[in-house]
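Please open the structure in your viewer and keep the sequence beside it, because the stops below are meant to be selected one after another. Each stop says what to select and what can be found there.

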Amino acid sequence: LTRNRAAEPELVPFALAVQYYWQRASPGGLLISEATNISPESLAYSSTPGIWSTRQVEGWQDVTRAVHDKGGYLVCQLWHTGRVAHPDYANHPANDGDCKYTPCVSASPTPIVNRHGKRGKTVTHDGSIQDHGMPRELSKDDIARVCRDYARAAQNAKEAGFDGVELHAAHGYLMDQFLN
């Protein structure tokens, strides 16, 4: 559910996102948003929206209003990419110095490998394709911080007008790392 339609560098949903969700809304219909970053350290892909800043919340308000105007409902999918994030994303302008960890966060100090046992590849902030960074284990403080980030993102989703939240817990991202 990644649409890559947020405005860089602030990762704010803009007119294209409003149009995208409006086109899919229907009376009584339920939409789930694209994967939405809960914090700067959760970034792993370009132009993916966030929900940690005031500007992002304002951008999402335009989206939720468009869906509600058609009688639809919209749930925000909260996302932390965990070990998938390349350390290069610490340099993304949206981080604004918030990410002090390289890679930002993970749940396993083992290399990410593909099904053939080789290092996985990912796209970095500058658009190049590189090996995944070496994940690091979460500390108790990291876990507490990420929990606070999820709580803040859920509160921001409520403020943005979403009708609910969903936690992205698949595809090897942070929540999935604890489930598998």
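Begin by selecting N4, which lies in the segment before β1, where strands (E, at least two residues) and helices (H or I, at least four residues) are DSSP runs numbered from the N terminus. The phi angle of N4 is near 55°, a positive value in a residue other than glycine. At 37% relative accessibility N4 counts as partly exposed, the class between buried (under 20% relative accessible area) and exposed (over 50%), with a 1.4 Å probe and protein chains only.

A word on what you are looking at: this is a predicted model, in which local features need pLDDT of at least 70 and side-chain atom pairs count only at pLDDT 80 or more, while totals for chains, interfaces and linings use all residues. Residues are numbered from 1 along each chain as its sequence is written, and side-chain values use heavy atoms, with hydrogens and water left out.

Next, select E8 and P9, which are joined by a cis peptide bond with omega of about 0°. P9 of this pair sits in the loop between β1 (6–7) and β2 (12–13).

Now show the whole chain as a cartoon and follow it from the N terminus, where the elements run β-β-α-β-α-β-β-β-α-β-α. The radius of gyration, taken over C-alpha atoms, is 16 Å, close to the 16 Å that the globule rule gives for 180 residues, so the protein is as compact as a globular protein of that length; the rule itself is 2.2 Å times the number of residues to the power 0.38. Along its principal axes the C-alpha trace spans about 45 × 35 × 30 Å. Of the 180 residues, 47% count as buried. Among contacts with a separation of 6 or more, 75% are between residues 24 or more positions apart, a contact being heavy atoms within 4.5 Å.

Turn then to the interior and select Y21, I51, W60, L74, L78 and F162, the residues with the most contacts inside the largest nonpolar core, which has 22 residues. Such a core is a set of buried Ala, Val, Leu, Ile, Met, Phe, Trp, Tyr and Cys residues joined through side-chain atoms within 4.5 Å. Colouring by element helps here: α1 (15–24), α2 (54–69), β4 (73–79) and α3 (140–160) each supply at least two residues of this core, and its largest share, five residues, comes from α3.

Stay with one residue of this core, W60, whose place is in helix α2. Is W60 buried or exposed? At 0% relative accessibility, W60 counts as buried. Which residues does W60 touch, not counting those up to four places away in sequence? They are P13, Y21, S33, E34, T36, P49, G50, I51, A160 and F162. Add E159 to the selection as well, for the C-alpha atoms of W60 and E159 are separated by 9.3 Å, although these residues are 99 apart along the chain.

Finally, move to H171, in the loop between β7 (164–167) and α4 (174–179). Its phi is near 60°, a positive value in a residue other than glycine, and at 64% relative accessibility H171 counts as exposed.
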